[in-house]
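Open the model in your viewer and show side chains as sticks. This tour follows the aromatic rings.

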Amino acid sequence: MKRTTRKSSIGLEEERSSVGNFSTRFSLPSFVRRVEKLTDDQRTAIKKMGFGHLLEMPTQTLNKNLLVELMERWSCEKHAFILLPGEIVITLMDVALILGLRVKGDSVVLKEDEPFSDLEKEYGATIANRKIAVSSIENKLESIGEIANDDFVRAFLLFTFGTFLFPTANGKVDSRYLSLLKDLDNVHQMAWGAAVLEDIIKWLSKRKEMNVQYVGSCLIFLQIWSYEHIDIARPSLLDCYLTFPRACRWENCRSHQRKWITTQFKELQENQITWELQLTSKELEIDIIKELLAAQNGSKPEHPSSIISTIDGDNLIISPHMMDKQAVKNRSEREVVREGHRIQENNLERLRAPENVEVLTYATGCPSSSSCVLDEPKEQLQHPSTSKNSSINFTISVEDDLKTRYQLLEEQNMKLMEEIDKLRSENNLLRDQLLSSQQLEGQIIGLNKEVNDLKRDNGHLRFSSNNLVSRLERLILDEDINATGEM
């Protein structure tokens, strides 16, 4: 018997996505359509796994011209986008704010020596080929229907991985993910957002180094990240500024020609870039954001590619394999200042001793085989030499007054956000009052109409009553006349 299978909607999405300078199996429309079919119980089950914010994701069209320009500006060595005003990295905070996924927790690791499990066999994988087609996962979800059991949760998460979070070039999902989904009680403790970031960096580097046609990873995250950080081809914000996650607060992308976007990137100004996203008061109350902030205050690095320094006792150590010495030598003074400030903020909470002022120095003389340890404090800021062949030495002193100013700015920012929230609440109250007054006006108009109708009815009744009285009077008069005639 020949076994027939229906053509999945995923395949149709792939055919439509093969235009432009790259192709992708990423399919947000397929994911959104699947979410729309979920029952309340199924939604609750997915929320318990830590993926609840993804269920709020609206349909977005990929702006391939914008994504191609970003990919062209990716540095595989620095794991950063090289823009005209400077370099900018993708951080764990970006992932948490845009997707609403946990970025701190147990690592998501697919082990090469992971034993082949019965769950993998159940999904059609084999020891020789540990892959599961997204179309077969979709069929399994259809067969499960409205049931909200463990099988549904595993199938839906695998579908999410294959279409949204970790799509691959071949449209299949690694069956080893099932080893992470075997015990569903531990799924919400894993740092899925950090895994998304790692996957994006892997595909950006693969695209740049090998110029592959098919690009995987969560491309809608990269697009929203661009909206948040770079004012190019940015659509309008939706009505609610406080929407979380931030992927839900942007309108669908507008169509722009590749040439126009290329020109915009070539003419990009510093005031068009948001180097670091500012948290709203609502975002500060989100558990995954608070968890990440607590980790940052403990000086745990956000991402290996974005942190080039660590604290070892009283010394600041710069790892040579995390910085390109020639690139540092060729940087402008403004770029070095910006990177120094970023490192200073990451380590501010650990550098509390006023008598031991730590110094960060960039130098081309650091040996390549060992770390450069800087334990001699500097009190003055050294600017890079203007000579092309001289090394760049730049020092940043961490002073108490800088800490104070930073804290004051933070407090002022919090107060401003509170005032904005208060004004927004008052605005909503006034809008409600306006709507209420409009409703009252409508009710008054309706009542006036009823009064007029009653007056008209009353006039008719009065007229009918007068006619009845006249008739009665005539009848009585006629009877009196008849009685007189008979007498």
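How many aromatic pairs does a search of the whole structure find? The search finds 13. Keep in mind that this is a predicted model.

**Stop one: Phe31 and Phe164.** Select both residues. Their rings form an aromatic pair with centres 4.9 Å apart and 35° between the planes. That pair is tilted, because the angle is neither under 30 degrees nor over 60. Now turn on the cartoon. Phe31 belongs to helix α2 (residues 28-36) and Phe164 to helix α8 (residues 150-165), so the contact ties together parts 133 residues apart in sequence. Buried or exposed: which is Phe31? Phe31 is buried, at 1% relative accessibility. Phe164 is buried as well, with a relative accessible area of 0%.

**Stop two: Trp74 and Phe81.** Select this pair next. The ring centres are 5.0 Å apart and the planes meet at 70°, so the geometry is edge-to-face. Check the surface here too. Trp74 is buried at 2% relative accessibility. Phe81 is buried, with a relative accessible area of 0%.

**Stop three: the cluster.** Go back to Phe31 and extend the selection. Which residues do ring pairs link into a cluster with Phe31 and Phe164? Add Phe26, Phe152 and Phe156.

**Stop four: charges over rings.** Select Arg34 and Phe159. The charged end of Arg34 sits over the Phe159 ring, 5.9 Å from the ring centre. Then select Lys140 and Tyr123. Here the charged end of Lys140 sits over the ring of Tyr123, at 5.0 Å from the centre.

Conventions:
Residues are numbered from 1 along each chain as its sequence is written. This is a predicted model: local features need pLDDT of at least 70, side-chain atom pairs count only at pLDDT 80 or more; totals for chains, interfaces and linings use all residues. Side-chain values use heavy atoms; hydrogens and water are left out. Rings of Phe, Tyr and Trp (its six-membered ring) pair if their centres lie within 6.5 Å; planes under 30 degrees apart count as stacked, over 60 as edge-to-face and the rest as tilted. Helices (H or I, at least four residues) and strands (E, at least two) are DSSP runs, numbered from the N terminus. Buried means under 20% relative accessible area, exposed over 50%, partly exposed in between (1.4 Å probe, protein chains only). A charge sits over a ring if NZ of Lys or CZ of Arg is within 6 Å of the ring centre and within 35 degrees of the ring normal.
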